[in-house]
Amino acid sequence: MTTILRIAATVSATALLLGCGGSDSNDTLDDLNANRAKWENGNIDNYQFEYQVSCFCTEETILPRLVLVEDGQVTSQTIIEGNTALPLDDATTESIDSLFQLIALEESRAESLSVKYDPELGYPTEIKVDINEQIADDEYTLTISNLVAEGDVACTATVEDGLLLSVTDKTTQMPIACGVTATVTEEAYSETVVVDDTDCADDDLIAMLEERPGFYSLTVQKQGYQDYLVDNLGIGKDLCHVLTREFNVELIPE
């Protein structure tokens with residue numbers, strides 16, 4: 001599935017003019033070109049939408065995600081449940097422009113293709129593909145919903161935390177935030193929070209990464225426990241703010 005979407009991103013715009021022949025093919029291309037013109041006339045370069053793949057794929061691939069597009073390029077993709085940001089190279093998500101290219105590709109090679117479009121803006125809202133009807137498990141469906149353009153959203157002036165940490169003892173499952181030192185790093189950036197051992201509650205959440213999306217290494221330390229380290233902890237964003245991610249760390253007693 002990922003291979004299919006990566007190929008689609010490389011198809012040239014001239015593919016819109018190509019077809020398999022026949023009235024059905026012509027209708028598909030006519031709809032494609034008309035709706036793409038409608039989308040391009042809107043001059044929407046910065047936007048977000050919800051995206052879901054239905055296929056015989058990994059669980060991570062099919063989870064609904066929020067996609068952020070800036071200057072026409074996908075800059076962030078975040079699994080909606082839990083606000084888990086995904087590296088762009090790990091799971092390919094298309095922009096609206098590249099979805100039009102995907103439709104053109106599948107029109108030229110798939111045995112079955114069905115596309116629905118938004119009546120106002122022209123972007124595809126559902127793409128159903130069966131590449132070879134004689135082969136099982138090669139079909140897939142893309143669903144695009146809740147598209148919001150940058151000009152249609154009023155961002156608040158609030159400052160959002162990118163990460164809220166809870167810390168528990170792995171053996172007892174009791175909260176143990178007091179006395180914890182948490183550090184996040186990304187290239188040259190580093191941020192450390194030390195939880196005062198005398199003025200805290202063990203179930204306190206540790207707030208970090210104000211308005212800082214990215215992929216971080218996280219280290220959590222506490223006396224009497226083994227150090228905890230995790231890499232590529234993804235913090236996503238939308239048109240206005242970071243998407244706060246809650247993350248629980250279980251420390252192992254020494």
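**Notebook: salt bridges, a buried aspartate and strand pairing**

I counted the salt bridges in this chain and obtained five. The model I worked from is predicted.

**Entry 1: salt bridges**

I looked up Lys237 and found that its side chain pairs with Glu70, the closest N and O atoms being 3.3 Å apart. I then placed the two residues: Lys237 lies in the loop between β13 (228–235) and β14 (245–251), whereas Glu70 belongs to strand β2 (residues 65–70), and the two are 167 residues apart. I checked the accessibility of both partners. Lys237 is partly exposed, because its relative accessibility is 22%. Glu70 is also partly exposed, with a relative accessible area of 31%.

I turned next to Glu126, which meets Lys116 in a salt bridge at 3.7 Å, N to O. I noted that Glu126 sits in strand β6 and Lys116 in strand β5, with their positions 10 residues apart in the numbering, described as distant parts of the chain. Lys116 has 49% relative accessibility and therefore counts as partly exposed.

I also recorded the salt bridge between Lys170 and Glu250, at 3.3 Å from N to O. I located Lys170 in the loop between β8 (161–169) and β9 (181–186) and Glu250 in strand β14, so this pair ties together parts 80 residues apart in sequence. Lys170 is partly exposed, at 42% relative accessible area. Glu250 falls in the partly exposed class as well, at 27%.

**Entry 2: Asp138**

I asked which side chain of opposite charge is nearest to Asp138. I found Arg109, which is 8.8 Å away; Asp138 is buried and has no salt bridge. A salt bridge requires the nitrogen and the carboxyl oxygen to lie within 4 Å. I placed Asp138 in the loop between β6 (124–130) and β7. I then searched for other partners and found that the side chain of Asp138 reaches the backbone nitrogen of Asn132 at 2.8 Å. Leaving aside residues up to four places away in sequence, I listed the contacts of Asp138 as Asp130, Ile131 and Asn132.

**Entry 3: the seven-stranded sheet**

I traced an open sheet of seven strands, with antiparallel pairing, in the order β4-β3-β2-β1-β7-β6-β5. I noted β4 (84–86) and β5 (112–117) at the edges; each has a single partner strand, so one side of each is left without a neighbour in the sheet. From one strand to the next, the twist averages 20°.

Within this sheet I examined β1 (residues 47–54) and β7 (residues 139–149), which pair in the antiparallel sense over seven bridges. I took Tyr51 as a reference point and found Ile144 in β7 as its bridge partner.

**Entry 4: the partners of β9**

I asked how many bridges join β9 to strand β10 (residues 189–194). I found six, and the two strands run antiparallel. Opposite Glu186 I found Tyr189 in β10. These strands form a hairpin with two residues between them, and I noted that Glu187 in the turn has a positive phi of about 50°.

I then followed β9 to another partner, strand β12 (residues 214–221), to which five bridges join it in an antiparallel arrangement. There I found Ala182 opposite Val220 of β12.

Definitions and conventions: Residues numbered from 1 in each chain as written. Predicted model: local features only at pLDDT ≥ 70, side-chain atom pairs only at ≥ 80, totals over all residues. Heavy atoms only, no water. Pairing = 2+ DSSP bridges. Helix = DSSP H or I, 4+ residues; strand = E, 2+ residues; numbered from the N terminus. Axes fitted to C-alpha atoms, helices over the stretch in contact; angles between N-to-C directions. Buried < 20%, exposed > 50% of the residue type's maximum accessible area, 1.4 Å probe, protein only. Lys, Arg positive; Asp, Glu negative; His and termini not counted. Polar contact = N/O pair within 3.5 Å; in protein donor to acceptor, adjacent residues only side chain to side chain. Contact = heavy atoms within 4.5 Å.
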